Amino acid sequence: MHPYPHSYVVSASAASSGSVAVFSPELPAIETAAPPQFGGPGGVWSPETLLCASLADCFILTFRAVARAARFGWQSLDCRVEGMLERVGQVSHFTRFTTFARLTVPPATDAAKARELLERAEQGCLIANSVRGSRSLDAQVIAQEPASASRLVETSDRPVVGRRS
């Protein structure tokens, strides 16, 4: 890792109507528009979906690092982030983010250790630590059977982590 501080540069460009092009040096441009909730066309990335995508992406990348440091073997991690945008007083902002994670691990994996590492990834995600809405993690750990059939090892219908950033 490079020493801090890190700098990230993104530019955006648009005409008076139509999509917005978002780009960063050495990266492909992304077309964005307002989401349908704000009168946008739908079917294209919006600032709101990009924010939630950043949280999901950062969670997985943080889990990879945490699992590697712990020498923890795993097979796949699926993550969905739901962000709640609300009007509070005169200002609209995201009040809550819920990360739904489904981790598939080899048979006989310590499910408690897997859950601990998922929680550490949620707590260590730098993008999640940069937002002000409350956060929660709903994690499932799935042991993969040798014949590729899944069996549920541990699940939770309620958030495992819930805290204010």
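Two strands are taken to pair if DSSP finds at least two bridges between them. Helices (H or I, at least four residues) and strands (E, at least two) are themselves DSSP runs, numbered from the N terminus. With these terms in hand, a tour of the fold can begin. The structure is a predicted model, in which local features need pLDDT of at least 70 and side-chain atom pairs count only at pLDDT 80 or more, while totals for chains, interfaces and linings use all residues. Residues are numbered from 1 along each chain as its sequence is written, and side-chain values use heavy atoms, with hydrogens and water left out.

Confidence comes first. pLDDT is the predictor's confidence in each residue, on a scale from 0 to 100. Its average over the protein chain is 90, and 88% of the residues score at least 70. A stretch to read with care is residues 149-165, where pLDDT stays under 50. For that stretch the model has 57 contacts (heavy atoms within 4.5 Å) beyond four places in sequence.

Near the start of the chain, the peptide bond from Y4 to P5 is cis, with omega near 0 degrees. P5 belongs to the segment before β1. Most residues other than glycine have a negative phi, and most peptide bonds are trans.

Next comes an open sheet of three strands, in the order β1-β2-β3, with antiparallel pairing. Its edge strands are β1 (11-13) and β3, each of which pairs on one side only. From one strand to the next, the twist averages 30 degrees; for such angles, axes are lines fitted to C-alpha atoms, for helices over the stretch in contact, and values run from 0 to 180 degrees between N-to-C directions. Strand β2 (residues 20-23) is joined to β3 by three bridges, and V22 stands opposite I30 in β3. The loop between β2 and β3 holds E26, which has a positive phi of about 65 degrees although it is not a glycine. E26 is exposed, with a relative accessible area of 84%; here exposed means over 50%, buried means under 20%, and partly exposed lies in between (1.4 Å probe, protein chains only). T32, in strand β3 (residues 30-32), is buried at a relative accessible area of 5%. Leaving aside neighbours within four places in sequence, the contacts of T32 are S19, V20, V22, V44, W45, S46 and L50.

Helix α1 covers residues 47-69, and its 23 residues should span 33 Å at 1.5 Å a residue. The expected span is 1.5 Å times one less than the number of residues, and the end C-alpha atoms of α1 are 33 Å apart, in agreement. Buried residues of this helix are C52, L55, A56, C58, F59, T62, F63, V66 and A67. Their cover includes β4, β5, α2 (111-124) and β6 (134-144). After α1 comes R71, with a positive phi near 55 degrees.

Beyond the helix, strands β4 (residues 76-88) and β5 (residues 91-105) run antiparallel and are joined by 13 bridges. Along this pairing, E86 has H93 in β5 as its bridge partner, and R80 has F100. Two residues lie between the strands of this hairpin, where G89 takes a positive phi near 65 degrees. In contrast to this antiparallel pairing, β5 and β6 run parallel, with ten bridges between them. Here R102 stands opposite Q140 in β6. Strands of a sheet pair through backbone hydrogen bonds, either parallel or antiparallel. The loop between β5 and α2 includes A108, a residue with a positive phi of about 65 degrees although it is not a glycine. A108 is exposed, its relative accessible area being 77%.

The interior can be described in terms of nonpolar cores, each a set of buried Ala, Val, Leu, Ile, Met, Phe, Trp, Tyr and Cys residues joined through side-chain atoms within 4.5 Å. The largest has 17 residues, and those with the most contacts inside it are F59, F63, F72, L77, L103 and L118. Two or more residues come from each of α1, β5, α2 and β6, with α2 giving the most, five residues. Apart from neighbours within four places in sequence, L103 is in contact with F63, F72, W74, S76, L77, A114, L118, Q140, V141 and I142. A second, separate core has ten residues, among them C52, A56, C58 and A128. In soluble globular proteins, nonpolar side chains tend to be buried together.
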